[in-house]
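Subject: Structure handover

Hello,

Here is the structure I promised to pass on. Please open it alongside this note, and read on for what turned up.

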Amino acid sequence: AQQLQAVEKAIQQAKKALIQDHLDHCLEDLVGPLKSGQRHSLDEFREITRYL
């Protein structure tokens, strides 16, 4: 049971890392430079994805 829990946690962390990496690279490349107000919205979206 402990090993399965460790595997589940590792998968969850990998999923979070993948989503964050996608946001950091792909999404920012797509939208380009942002003004501070727009940047704040993207930062809030990033924060929300940590709960996935």
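Start at Gly32. This glycine follows helix 1, and its phi is positive, near 75 degrees. Bear in mind that the model is a predicted one.

Now go back to helix 1 itself. Helix 1 covers residues 2-31. It has 30 residues and spans 42 Å from first C-alpha to last. That is close to the 44 Å expected at 1.5 Å a residue. Helix 1 also has a kink of about 35 degrees, and Leu23 is at its centre.

Next, the pairing with helix 2, residues 36-49. The axes of helix 1 and helix 2 come within 10 Å and cross at roughly 155 degrees. Angles over 145 degrees count as roughly antiparallel, so helix 1 is roughly antiparallel to helix 2. Their crossing is right-handed.

Which residues meet there? Helix 1 brings Ile19, Gln20, Leu23, Asp24, Leu27 and Glu28. Helix 2 brings Arg39, Leu42, Phe45, Arg46 and Thr49. By type, the residues of this contact are five nonpolar, two polar and four charged. Leu23, the centre of the kink, is among the residues that meet helix 2.

Last, look past helix 2. Leu52 sits in the segment after that helix. What does Leu52 touch, leaving aside its neighbours within four places in sequence? Its contacts are Lys15, Lys16 and Ile19. Lys16 is 36 residues from Leu52 in sequence, yet their C-alpha atoms are 7.0 Å apart. Ile19 also appears in the contact of helix 1 with helix 2.

Best wishes

Technical notes. Residues are numbered from 1 along each chain as its sequence is written. This is a predicted model: local features need pLDDT of at least 70, side-chain atom pairs count only at pLDDT 80 or more; totals for chains, interfaces and linings use all residues. Side-chain values use heavy atoms; hydrogens and water are left out. Helices (H or I, at least four residues) and strands (E, at least two) are DSSP runs, numbered from the N terminus. Contact means heavy atoms within 4.5 Å. Axes are lines fitted to C-alpha atoms, for helices over the stretch in contact, and angles run from 0 to 180 degrees between N-to-C directions. Angles under 35 degrees count as roughly parallel, over 145 as roughly antiparallel, 65 to 115 as roughly perpendicular and the rest as oblique. A crossing is left-handed if the near helix is turned anticlockwise from the far one by less than a right angle, and right-handed if clockwise. Ala, Val, Leu, Ile, Met, Phe, Trp, Tyr, Cys and Pro count as nonpolar, Asp, Glu, Lys and Arg as charged, and the others, Gly among them, as polar. The expected span of a helix is 1.5 Å times one less than its number of residues. The bend at a residue is the angle between axes fitted to the seven residues ending there and the seven starting there.
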